[in-house]
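Trainee: Could we go through this model together, with the reasoning behind each label? I would like to see how the values lead to the words.

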Amino acid sequence: MSARFLVIATILLSGIAFFPNISTLSGQDEHHDAPSQAVSGEHADSHSAEADGHGEAGDEKFNPSTFSLDHIKDTHDWHILTKKDGQHLSVPLPVIVYSKNSGLHAFFSNKIAHGHSHKGFQMGHGSIMVENKKGESIEKSLDGKIVEVDEHGEMLEAGLPLDFSITTNVFMMGLSVMVLLIVFLTLAKSYRKAGVSEPKGLMGFIEPLIVFIEEDVAIPNIGADKYERFMPYLLTVFFFILINNLMGLIPFFPFGANVTGNIAVTFVLAVFTFWITQFSGNRAYWGHVFNSPGVPKWLLPIMIPVEIIGLFTKPFALMIRLFANITAGHIVILSLVSLIFIFKSIFLAVPSLILVLFMDCIELLVAFLQAYIFTLLSALFIGMAMPEHHHD
Amino acid sequence: MTGTLAGIGAGLAVIGAGLGIGRIGGSAMDAIARQPEATGKIQTAMIIAAALIEGAALFAIVVAMMS
């Protein structure tokens with residue numbers, strides 16, 4: 001009970017913390033080089049999309065690939081629109097940086113948006129040459145990263161500050177976790193009160209999914225006698241991916257961040273599956289890796305490295321699959337939207353929107369399917385780590 | 001130039017994966033038509049096999065992306 005109120009209070013507080021900034025932002029956020037006024041209505045459309053894509057308004061040609069890539073990236077603020085006079089309307093998020101020179105700083109991202117600098121921090125542009133571990137110098141892009149500069153605008157030697165900011169992805173992950181907590185704590189309470197009975201309301205939506213994961217994913221792949229230990233992980237990962245996939249499809253403010261299409265997020269999820277698989281591996285599993293039954297002894301020097309690589313490729317494929325599917329879906333939708341701005345025609349908006357709607361429906365299916373496949377393959381890998389029969 | 005070649009490579013990978021997944025889907029349809037009571041099991045096996053092929057295609061696409 002108290003946990004639920006805590007969660008609701010946190011959401012309300014974060015809402016109070018964020019919203020006053022929207023109104024103050026549009027006033028103070030004038031662009032340093034104000035663009036020429038847009039003349040025709042159609043031009044204004046493509047113009048704002050350009051600014052949307054680049055964060056930099058100008059008379060450049062609309063580039064659909066930068067536009068799409070900028071929208072699937074993790075950013076420090078929620079850019080909503082750019083007005084005709086070059087003012088940006090966006091929801092700022094907290095920036096938390098730790099620099100070796102000046103320590104820990106926290107401020108809202110509107111202070112460093114659109115070329116401004118605050119306390120010596122600003123958004124990076126272009127790229128720098130850095131030395132990698134082998135001593136070769138390679139080019140490293142600074143786009144989207146926060147850099148520390150001195151009074152003359154030169155980058156400091158100390159390197160990039162550590163960035164712990166609440167970015168769009170972090171914010172949306174927090175939001176999804178809160179939604180999941182509210183839903184499941186409420187459900188758990190009503191189950192505790194009423195026992196297992198006819199599902200009502202939200203229960204009727206969630207219960208089939210849980211039963212589905214249990215009966216169609218966990219039991220057939222892990223085994224009826226030991227699946228229970230892994231149900232919390234499987235359900236968590238399923239609902240986390242599902243809700244983030246679905247929230248990523250909603251194109252306005254507190255949603256739309258590309259969480260499950262972020263390789264870092266899918267990497268961590270795959271690492272969980274990897275460790276759970278390794279730690280639940282039994283004797284037969286490790287025997288299969290280091291001394292495959294039926295394989296001649298002289299072949300083992302080849303088979304053992306192959307088997308060990310196989311341990312890593314399975315979660316690697318999990319990571320890439322989720323990342324690529326969600327990112328590709330977002331890029332397709334954004335490309336269809338860019339059609340309007342490529343041809344600079346309002347008439348193309350109709351077919352474009354129909355296509356976007358169609359893709360969105362497919363994405364709804366993909367959102368569920370990818371959550372299901374991630375869970376299914378996790379269960380399968382865990383089940384494969386605990387074979388029941390000895391094949392020798 | 002490299003970008004074009006990478007694009008062609010990604011396309012080839014997708015053709016291979018498409019053929020593979022298409023065959024799996026077709027065979028699963030046949031199997032379901034013959035034995036509708038085994039639909040659930042066939043679907044699970046189908047998705048697992050499709051996911052494995054998709055994994056191979058994704059490796060190719062990652063290689064194409066990196067070049």
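Mentor: Gladly. This is a predicted model, and buried residues make up 30% of the 392 residues in chain A. The secondary structure of chain A comes to ten helices and nine strands.

Trainee: What domains does chain A have in its assignment?

Mentor: The assignment gives domain 1 (2-91), domain 2 (94-163) and domain 3 (168-384). Between the centres of domain 2 of chain A and domain 3 of chain A, taken over C-alpha atoms, there are 34 Å.

Trainee: How many of the contacts in chain A with a separation of 6 or more are between residues 24 or more positions apart?

Mentor: Such pairs account for 62% of those contacts.

Trainee: What makes the largest nonpolar core a core, and which residues have the most contacts inside it?

Mentor: A core is a set of buried nonpolar residues joined through C-beta atoms within 7 Å. The largest one has 47 residues, and those with the most contacts inside it are A:Ala218, A:Leu234, A:Phe238, A:Ile241, A:Phe374 and A:Ala379. At least two residues each come from α4 (168-194), α5 (202-222), α6 (231-249), α7 (263-280), α9 (300-343) and α10 (349-384) of chain A, and likewise from α2 (39-66) of chain B. α10(A) gives the most, with ten residues.

Trainee: Which residues does A:Phe238 touch, leaving aside those up to four places away in sequence?

Mentor: A:Phe238 touches A:Ile213, A:Ala371 and A:Thr375. There is also a second, separate core of nine residues, which includes A:Val95, A:Ile112, A:Phe121 and A:Met123.

Trainee: How do you know that the end-to-end distance of α9(A) agrees with its number of residues?

Mentor: At 1.5 Å a residue, its 44 residues should span 64 Å, and the end C-alpha atoms are 60 Å apart, so the two agree. α9(A) does have a kink of about 30 degrees, centred on A:Val337.

Trainee: What follows α9(A), and what is the sign of its phi?

Mentor: A:Lys344 follows, in the loop between α9 and α10 of chain A. Its phi is positive, about 45 degrees, although A:Lys344 is not a glycine. Most residues other than glycine have a negative phi.

Trainee: Why is A:Lys344 called partly exposed?

Mentor: Exposed requires 12 or fewer C-beta neighbours within 10 Å, and buried requires 20 or more. A:Lys344 has 13 inside 10 Å, so A:Lys344 counts as partly exposed.

Trainee: And what class does A:Thr186 fall into, with its C-beta neighbours inside 10 Å?

Mentor: A:Thr186, found in helix α4 of chain A, has 15 such neighbours and therefore counts as partly exposed too. A:Thr186 and A:Leu202 are 16 residues apart in sequence, and their C-alpha atoms are 9.4 Å apart in space.

Trainee: Is B:Ile8 buried or exposed?

Mentor: B:Ile8 has 11 other C-beta atoms within 10 Å, so B:Ile8 is exposed. B:Ile8 lies in helix α1 (residues 2-34) of chain B. The C-alpha atoms of B:Ile8 and B:Ala64 are separated by 8.8 Å, with their positions 56 residues apart along the chain.

Trainee: How many residues of chain B are in contact with chain A?

Mentor: Ten residues of chain B are in contact with ten residues of chain A. The chain B side of this pairing divides into six nonpolar, three polar and one charged.

Key: Residues are numbered from 1 along each chain as its sequence is written. Chains are lettered from A and ligands numbered from 1 in the order in which they are written. This is a predicted model: local features need pLDDT of at least 70, side-chain atom pairs count only at pLDDT 80 or more; totals for chains, interfaces and linings use all residues. Two residues are in contact if their C-beta atoms, placed from the backbone, lie within 7 Å. Ala, Val, Leu, Ile, Met, Phe, Trp, Tyr, Cys and Pro count as nonpolar, Asp, Glu, Lys and Arg as charged, and the others, Gly among them, as polar. Domain bounds come from an automatic or database domain assignment. Helices (H or I, at least four residues) and strands (E, at least two) are DSSP runs, numbered from the N terminus. The expected span of a helix is 1.5 Å times one less than its number of residues. The bend at a residue is the angle between axes fitted to the seven residues ending there and the seven starting there.
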